[in-house]
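Hello,

Here is the structure you were going to look at. My notes follow below it.

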Amino acid sequence: MKSLPITKFGDPILRSKAKRVDLKFLKTSKFKTLIKDMVYTMRRNHGIGLAAPQIGRSLQIVVMETRPSKARPDAEHRGPFFVINPKITSYSKNKVKGWEGCVSIHGIMAMVSRSKKVSVIYYNENGKKISEEVSDLWARLFQHEVDHLNGIGFLDRVEDTKTIITLEEFNKRFTKKKKDKKTK
Ligand SMILES: [Zn+2]
């Protein structure tokens, strides 16, 4: 496994629509290597999601994995999940505000309002079509990652630009301090 270079905002690939994946590609060793490298890269960069344009590939492939962290101590460990050619088919009217960051704009956090629940259709890494409703952090993650596939960044979604802060200040002000020894 190798860590792939992350594309940063300013790179035009993050402003273009990613290409749909031909499902035949999922059977290839190139695909299998790509998703393994994407998981490794996501973990190395402390992300909970990574879309292929963020590693310079214009493809509708996303990896997602949640885990408890300083920023989200209550998050469950779930994943990694692979999401191919996703579509959000419905958004709940009920929206919730929450902090977001992005490995392609390192060091910045902001409050983004997202639908609490979304219905999604996508293919998994085996080419199985999946249709499900996701909520809370997973709904936020889907919305953030599907935006990447459409050339949209989370800062485009910020309603109050005064909530844009540095990661340093975010860690100082909004993460829970652990009294015990640092755990992995
Ligand atoms: Zn992102």
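In the hairpin of β6 and β7, five residues lie between the strands, and Gly 127 among the hairpin's residues has a positive phi near 85 degrees. Please keep in mind that this is a predicted model.

The two strands of that hairpin, β6 and β7 (residues 129–135), pair in the antiparallel sense over seven bridges. Ile 121 has Ser 131 of β7 as its bridge partner. β6 also pairs with β3 (residues 78–91), again in the antiparallel sense, over five bridges. There, Ile 84 has Tyr 123 of β6 as its bridge partner.

The side chains of β6 (residues 117–123) alternate. Val 118, Val 120 and Tyr 122 point to one face and are buried. Lys 117, Ser 119, Ile 121 and Tyr 123 point to the other face and are not buried. Such alternation between the two faces of the sheet is what a regular strand shows in general.

The other element I looked at is helix α1 (residues 29–44). Its 16 residues reach 22 Å from the first C-alpha to the last, close to the 22 Å expected at 1.5 Å a residue. Met 38, Thr 41 and Met 42 are buried in α1. Seen down the axis, the buried residues of α1 fall within an arc of 100 degrees, so they line one face of the helix. They pack against β1 (49–51) and β2 (61–66). Ser 29, Lys 32 and Thr 33, on the other side of α1, are exposed. Just after α1, His 46 takes a positive phi of about 55 degrees.

Regards

Methods. Residues are numbered from 1 along each chain as its sequence is written. This is a predicted model: local features need pLDDT of at least 70, side-chain atom pairs count only at pLDDT 80 or more; totals for chains, interfaces and linings use all residues. A residue is buried if 20 or more other C-beta atoms lie within 10 Å of its own, exposed if 12 or fewer, and partly exposed in between; C-beta atoms are placed from the backbone. Helices (H or I, at least four residues) and strands (E, at least two) are DSSP runs, numbered from the N terminus. Two strands pair if DSSP finds at least two bridges between them. The expected span of a helix is 1.5 Å times one less than its number of residues. The arc is that of the directions from the helix axis to the C-beta atoms. Two residues are in contact if their C-beta atoms, placed from the backbone, lie within 7 Å.
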